Every structure is written in C-alpha cells, then in structure tokens.
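Please open the model in your viewer and keep the selection tool at hand, since this tour moves from one selection to the next and says what is found at each stop.

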Amino acid sequence: MKKTLTKKLINKIHNIDSRNILTVLQNNLKVRSTVTSPPYFDMKDYGSENQIGFGQNYEEYLNDLQKIFEDIYKITEDDGSLWIVIDSFKRDHQVVTLPFDLANKLRETNWLLQDIIIWKKDKTVPWSKNGFVQRKFEYILFFTKSKNFIYNKDNVRTFDTNQLKKWWVKYPERYNPKGKALDEIWEFPIPVQGSWGDQYIRHFCPLPQEMVSQMIELSTNENDIILDPFAGSGSVMFQSAVMKRNYIGFELNKEFIKMFNNYLEKTFNKARKEYELLDNLNSQNEFESRILDLRILKYAKLLVRDLDKQNIGYFKILTNKKGKGESKNKLIKAEYMLIGEFEDENIHQKISELVIKPPFSKFGIDPQFTFQKSKNFSKNELFGYIKSNSYSYQKDIDLDSATIRIVSNICVDLNENDYL
Ligand SMILES: C[S@@+](CC[C@H](N)C(=O)[O-])C[C@H]1O[C@@H](n2cnc3c(N)ncnc32)[C@H](O)[C@@H]1O
C-alpha cells in the first residue's frame, strides 16, 4: 500500500503550493536531500498567485520560508541534508543580507548549518545592480538534519591532472590518492542560451547542471528521493532523474511544469546515456595508482638521500609495489631491496629509525626491507631513476650505471612543466 502511494508521489512536479508540502507527503516517504533555490524575496514575478516573495513583505517572506524548511525537516531522513542557493541584494541603498537572515531563521528550526559555499559565476543575474564592485557570486547554504550525514566526499574530488597544480608530480605525498578535496568556492558558469533552450532562459535562471550534479553526488545515493519545493525550470529534478535518483518537485506555475515535462521527454535519454558513459571511477583509480607509484619512488629517493648523508657506502634500491596496505595510514605495501656492500652492521637499525619519522611516516607506505650484496638487472622489465629525480625514468642508460640509484618495475615519465 505504502509503496504504491510513494510511486504516485515521486518523479513528478506537483502543481501545489510548497507551504502545503506536509499535506501531500506526511508519513508517506522520507527525502534524502532537498536541493533548491527559492525566489530571492520580491526580485522577480514568477507569474502565479500566492507566490512566495513577490508581493510579500520581507518578514512574511522569511517566515514562509522558515515554515517550509521546518516541514521539510520532518520528512527528511536522519542522515539527510538541505542545499539552498540564495543571494543578497540591495534595497534602499544598502545590502539586505538574505542568506544570513535565512540561515538564522533555520537555526530556530533544527537544521544544522554545515557550510557556506561561494558559487562563483561568470555572469550576474539580470536584475542585480552593481554597487561599488562587480557581483560575481551567490551563496550556497548546506544544512544537515543531524551531525551524522551522507557526504560522499570522495565522489567529487578532482583527479584530472590537467586541473591540478603541477606540485602533484614532485609532492605526491601531499595529494590524497583519491584526488584533491572540494573547497568552499565552486566555479560554475550560469547556463547560457541553448543549453536549456531559449524559452527556458527567458523564464528562469536555471541552476548549472554540473553544480546540481555535485550537490546530488555529495549528499545522496542512487534511488534516494530528492526534493525541490521551488522547482522552477526543474533543473534539480532533471539532474536527479539523470543520476538515477527519484525526485519530487513543487511549483506554483503550471506553465513551468509543462515546459519541464517537455524538456524531460526530449532530452532525458541523451543525458542518461552521457551520465552512464562517464567513467569517473576508472579515471579516479588511475590517478590513485599514479600517486601511489610516485610516492613509492620518492620514498626510495629520500632513503638514498638520507642514507648517503650517513656515509654508508654506495648502494642502489630496487623497489616494487606489493599490493594494498591494511590501514588508513598504510595505503600500499612496497618492497625496498637495498643492494650494496654494507659494512655498517646497524644499517637495519638506522633505516628503522628513519622511517618511523616524517617525511617517511607521511607517505602511507608499509615498507618491507631486504638486503643483498649484488643483483643482475638486465633480464627484467625495469626502469632506472637518478638520485635527484624519481618521477621520470632515465632513457638509454645501463641500469648498472653508478648514476642510477633506484630501479623499479614502476614506470613513470612525467614533466612538471606539462601541468599548471
Ligand atoms: C528561483 S525560482 C527556482 C529556479 C529553479 N531552481 C531552476 O533551476 O529553475 C523559484 C520558483 O519558485 C516558484 N514558487 C514561488 N512560490 C512558490 C510556492 N509557494 N510554492 C511552489 N513554488 C513556488 C516560482 O514560481 C519559481 O518558479
């Protein structure tokens, strides 16, 4: 019974005032995340009676929003969240701090404000007036229902090396192998004519699909329910559908709903195909493996540097990857075979003392040390590195040559100047 009722309610935009959300949704289902952008007070007439914002005074407007988000709190999963895209504006020659006024109103309900994110756009909304400076950003308020909430931060890391600063080549130990974490400034251009169709752009300022996608990825999983109480063009609803989530929207203007349904029908299949083709996981795994390779080689390079300082005699290190590590601090196992005629009996001890301290202890490597007097490299598929460079192997050189200090089956050939 409950299942069929839920089915009737989800995956549509209801032409109902969002002040009545609970009459439609109470006890029927739980929402994982709400992603929305309410009217920015009375800045725009969305063409329907009883709309929130236009025609109201500021107090009425804020109280209505407070009540709606209080209701949404009740139908949100315990680990659920709420994203609100909102902006300040000018009235009577001064700034009205709407994002903060709204955040304070929500504090009176039980929502917990986790983050204030800056959405950096390259264009301003049409009605915004410049003050002394050009306006380039809006606010994203991120609230959660409780202190334990879904936040899939690894799913939204940057691992495209073309977008990272060149330091990842020389300092792989400073980069999370899953990629660079999100920061609090998000750069997404506002959609231009063409992407949602000209008619759409004239009516609204749809949110950028990539930005909505990031919020959905962070705070929900497939099959979850996503709510937008001010659906507008339906950009949140559309992206939810594409990303295999369920959606529920509320929108007063019937025309907008009609346009959304047409848009969905025309573009859904193509967008879903593109979503399925995105092979993020594979690229992320490649990045992880690359960072760990660089770390293993740099670890060997630092060992050479530090042991040379202790005058233990000439040696090479043969290093190979040995598989995944067993804890958060030991991400990868690696073998380090020290090849040389060591006179020092305490070499073992010296190495143990070195590697429990930084920088070695920061590499996430579980090292296994072995010692050998000599080794013949010629038959294997191996790559040689010099003492000053562990990120680009030496070409056309005999691995037995004295300048080669690190030998490995790991092949990296990077040039930091190829990156930002
Ligand atoms: C800023 S727009 C939403 C834009 C939307 N995020 C998008 O990407 O297109 C706000 C929307 O809220 C709708 N709205 C205003 N008052 C409402 C109410 N009481 N119930 C439901 N929708 C309402 C307006 O018609 C308008 O479409």
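Begin by selecting the shell of residues around the ligand, which by class holds 12 nonpolar, 6 polar and 3 charged residues. Keep in mind throughout that this is a predicted model.

Within that shell, now highlight Asp17, Ile52, Ser233, Ser235 and Glu251, which come nearest to the ligand among the 21 residues around it.

Next, show the backbone atoms, and look for the polar ones that face the ligand. At serine 18, a polar backbone atom lies 3.0 Å from a nitrogen atom of the ligand, and at leucine 252 a polar backbone atom is 3.4 Å from a nitrogen atom of the ligand. For an oxygen atom of the ligand, turn to leucine 207, where the distance to a polar backbone atom is 3.2 Å. With these contacts in view, consider the surface of the ligand, which exposes 600 Å² when taken alone, and of which the protein buries 98%.

Now hide the ligand and display the cavities, of which there are 3 with a volume of 30 Å³ or more. Which cavity corresponds to the space taken by the ligand? That space is the largest cavity, and its volume is about 500 Å³. Select the 33 residues that line the largest cavity, and pick out Ser37, Pro38, Tyr46, Phe230 and Gly232, which are the closest to its centre. Colouring this lining by class will show 21 nonpolar, 7 polar and 5 charged residues.

Finally, zoom out and colour the protein by its domain assignment, which gives domain 1 as 2-150 together with 184-278, and domain 2 as 282-418. To finish the tour, place a marker at the C-alpha centre of domain 1 and another at that of domain 2, and the two markers will lie 51 Å apart.

Methods. Residues numbered from 1 in each chain as written. Predicted model: local features only at pLDDT ≥ 70, side-chain atom pairs only at ≥ 80, totals over all residues. Heavy atoms only, no water. Near = heavy atom within 4 Å. Polar contact = N/O pair within 3.5 Å; in protein donor to acceptor, adjacent residues only side chain to side chain. Areas by Shrake-Rupley, 256 points an atom, 1.4 Å probe, with all protein chains shown as cover. 1 Å grid on protein atoms, 1.4 Å probe; cavity = no way out; pocket = protein on both sides within 12 Å on 5 of 7 lines; lining within 4 Å. Sits in = over half its atoms within 2 Å of the grid points. Nonpolar A, V, L, I, M, F, W, Y, C, P; charged D, E, K, R; others polar. Points joined across faces, edges and corners; volume = space filled by probe spheres on them. Domains from an automatic or database assignment.
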